[in-house]
Amino acid sequence: MAVRTRLGLTATSAVLALSLAACGGEGAGGSGGAGSGGGAEDLTIGVSMPTQTSERWIADGNNVKEQLEAEGYSVDLQYAGDDIPTQSQQIDQMITEGADILVIAAIDGTALAGQLENAASNDIPVIAYDRLIRDSENVNFYVTFDNFAVGVAQGTALLTGLGVLNADGSAGTATGPFNIELFAGSLDDNNAFFFFNGAMSVLQPKIDDGTLVVKSNQTDIEQAAILRWQQETAQRRMEDLLTSTYNDGSRVDGVLSPYDGISRGIITALQNAGYGPTLDAANPMPIVTGQDAEIASVKLIADGVQSSTIFKDTRLLAEQAVAAAAAFAEGNEPEANDTETYDNGVKVVPSYLLPVETVFADNIQSVLVDSGYWTAEEVASGQSD
């Protein structure tokens, strides 16, 4: 399917249109559009990010903005404070003020159908950024990581930390049974299901054979979910689990956590209950997984408190968003490497998936420091410069 820009160009007409230096129609409140006789400097790209309460999303917004501006585009970057009406209003405003392309990391993947319909009526391509936007035919492209693989990596990291698996993936010597608890992301984020299902594809066989025991019996994603991925909400749930399920002297051996902020909430609850403070303490900290390689959690891993995290290099994700935007700006289709996986309920959205890496204490240097993602000083302090 050829995607129209605000000019009304399609991929098949792009060459002719550019040769004629065609001028296009204006959208709502707009003053031109992609390819309207000029270059990147004539185009505005609206970038909608969900929140600034997460270190990860601040980095994403900055990376996308900087890379787009380096290519000459004007960028309208807005954060919505994890408030759905705010994000909806911001996107509407971007359209009214003449955005030519939209890059959207949705707070609620089901809440933007009206905004996307407005974008489509103004011939504005929409790139879903890391979070799939659901229930709309007006999502033109999706850039993300292999989210099922993220979950597989988290489940594998939990088994590795427990000693059920060795670092090379072979069978370890530990046989259990181990008490574990499961946490999941926010149910309004499509990625939460991929993460959870990927992890359970690894963990469920070990639950079935008795190696792992979910002592609370809370094994459904609806029971494990943490609204808006909030650290405080995760801490309260872990405290409730400890009170309700582990008041008989039994201990938690491991916790599946889908995100570093959630992990820190879990760790706080566990440490307040007398675990740790580290993995090698007399009453050791349970194995706790994570995601996003946030600097506070990387320090916890270096200090032997959190067991692992999944590194998703958002610099590469930003590069793919910029490449997709550039393709649309030229009237072309972005390159997809997955056209089957991401069904948003209305259509399968063509996607570009990026790989992930698991970080333990022993590869922080090679994965995060040597790549320039964090410096050794940042890891040591637990704070970004």
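The dialogue below goes through the sheets, helix packing, empty spaces and backbone of a predicted model.

Me: I would like to begin with the sheets, so in what order do the strands of the open sheet of 6 strands lie, and with what pairing?

Reply: The open sheet of 6 strands has the order 2-1-3-4-5-11, and its pairing is parallel. Its edge strands are strand 2 (74–79) and strand 11 (351–354), each of which pairs on one side only. If you compare neighbouring strands of this sheet, they are turned by 15° against each other on average, with direction ignored.

Me: How many bridges hold strand 1 and strand 3 in their pairing, and which residue stands opposite Gly-46?

Reply: Strand 1 (residues 44–49) pairs with strand 3 (residues 101–104) over 4 bridges, in the parallel sense, and the residue of strand 3 that stands opposite Gly-46 is Leu-102.

Me: What is the strand order in the open sheet of 4 strands?

Reply: That open sheet of 4 strands runs in the order 7-6-8-9, again written with parallel pairing, and its edges are strand 7 (212–214) and strand 9 (287–288), each pairing on one side only. Strand 8 (residues 254–256) is joined to strand 9 by 2 bridges, and these strands run parallel; within this pairing, Val-255 has Val-288 of strand 9 as its bridge partner.

Me: Turning to the helices, what describes the way two packed helices meet?

Reply: Two packed helices are described by the distance between their axes and by the angle between those axes. In this model, the axes of helix 8 and helix 9 come within 7 Å and cross at roughly 40°.

Me: Are helix 8 and helix 9 then roughly parallel or oblique to each other, and is their crossing left-handed or right-handed?

Reply: Angles under 35 degrees count as roughly parallel, and the crossing is at roughly 40°, so helix 8 and helix 9 are oblique to each other. The crossing of this pair is right-handed.

Me: How is empty space in a structure found, and what volume lies in the largest pocket?

Reply: A probe the size of a water molecule is rolled over the atoms, and this shows where empty space is left. In this model the largest pocket holds about 400 Å³ of space. It is lined by 28 residues, of which Ser-54, Trp-57, Arg-228, Trp-229 and Tyr-259 are the closest to its centre. The elements that give two or more residues to this lining are helix 2 (55–70), helix 6 (190–208), helix 8 (231–245) and helix 9 (260–272), with the largest share, 3 residues, coming from helix 2.

Me: How do the residues lining the largest pocket divide into nonpolar, polar and charged?

Reply: The lining of the largest pocket divides into 6 nonpolar, 9 polar and 13 charged residues.

Me: Which residues are closest to the centre of the second largest pocket, and which helix gives the most to its lining?

Reply: The second largest pocket contains about 290 Å³ of space, and of the 17 residues that line it, Glu-55, Ala-59, Asn-63, Tyr-373 and Trp-374 are the closest to its centre. Helix 2 and helix 11 (314–329) each supply at least two residues of this lining, and helix 2 gives the most, with 7 residues. By class, the lining of the second largest pocket has 5 nonpolar, 4 polar and 8 charged residues.

Me: How many cavities of 30 Å³ or more are found in the whole structure, and which residues line the largest cavity?

Reply: The search of the whole structure finds 1 cavity of 30 Å³ or more, and the largest cavity has a volume of about 30 Å³. Its lining is made up of Gln-154, Phe-183, Ala-184, Gly-185, Ala-192, Phe-195, Phe-196, Leu-256 and Pro-258. Helix 6 gives the most to this lining, with 3 residues; by class, the lining of the largest cavity has 7 nonpolar, 2 polar and no charged residues.

Me: Finally, what is the usual state of phi and of the peptide bond, and where does Pro-177 lie?

Reply: Most peptide bonds are trans, and most residues other than glycine have a negative phi. Here the peptide bond from Gly-176 to Pro-177 is cis, with omega near 0°, and Pro-177 lies in the loop between helix 5 (147–162) and strand 6 (178–182). The bond from Gly-276 to Pro-277 is cis as well, with omega near 20°, and Pro-277 is found in the loop between helix 9 and strand 9. As for phi, Asp-130 has a positive value of about 65° although it is not a glycine, and this residue is placed in the loop between strand 4 (126–129) and strand 5 (141–145).

Definitions and conventions: Residues are numbered from 1 along each chain as its sequence is written. This is a predicted model: local features need pLDDT of at least 70, side-chain atom pairs count only at pLDDT 80 or more; totals for chains, interfaces and linings use all residues. Side-chain values use heavy atoms; hydrogens and water are left out. Two strands pair if DSSP finds at least two bridges between them. On a 1 Å grid over the protein atoms alone, a cavity is a set of points where a 1.4 Å probe fits but cannot get out, and a pocket is an open set with protein on both sides within 12 Å along at least five of seven lines; lining residues have an atom within 4 Å of a point. Grid points are joined across faces, edges and corners, and a volume is the space filled by probe spheres set on the points. Ala, Val, Leu, Ile, Met, Phe, Trp, Tyr, Cys and Pro count as nonpolar, Asp, Glu, Lys and Arg as charged, and the others, Gly among them, as polar. Axes are lines fitted to C-alpha atoms, for helices over the stretch in contact, and angles run from 0 to 180 degrees between N-to-C directions. Angles under 35 degrees count as roughly parallel, over 145 as roughly antiparallel, 65 to 115 as roughly perpendicular and the rest as oblique. A crossing is left-handed if the near helix is turned anticlockwise from the far one by less than a right angle, and right-handed if clockwise.
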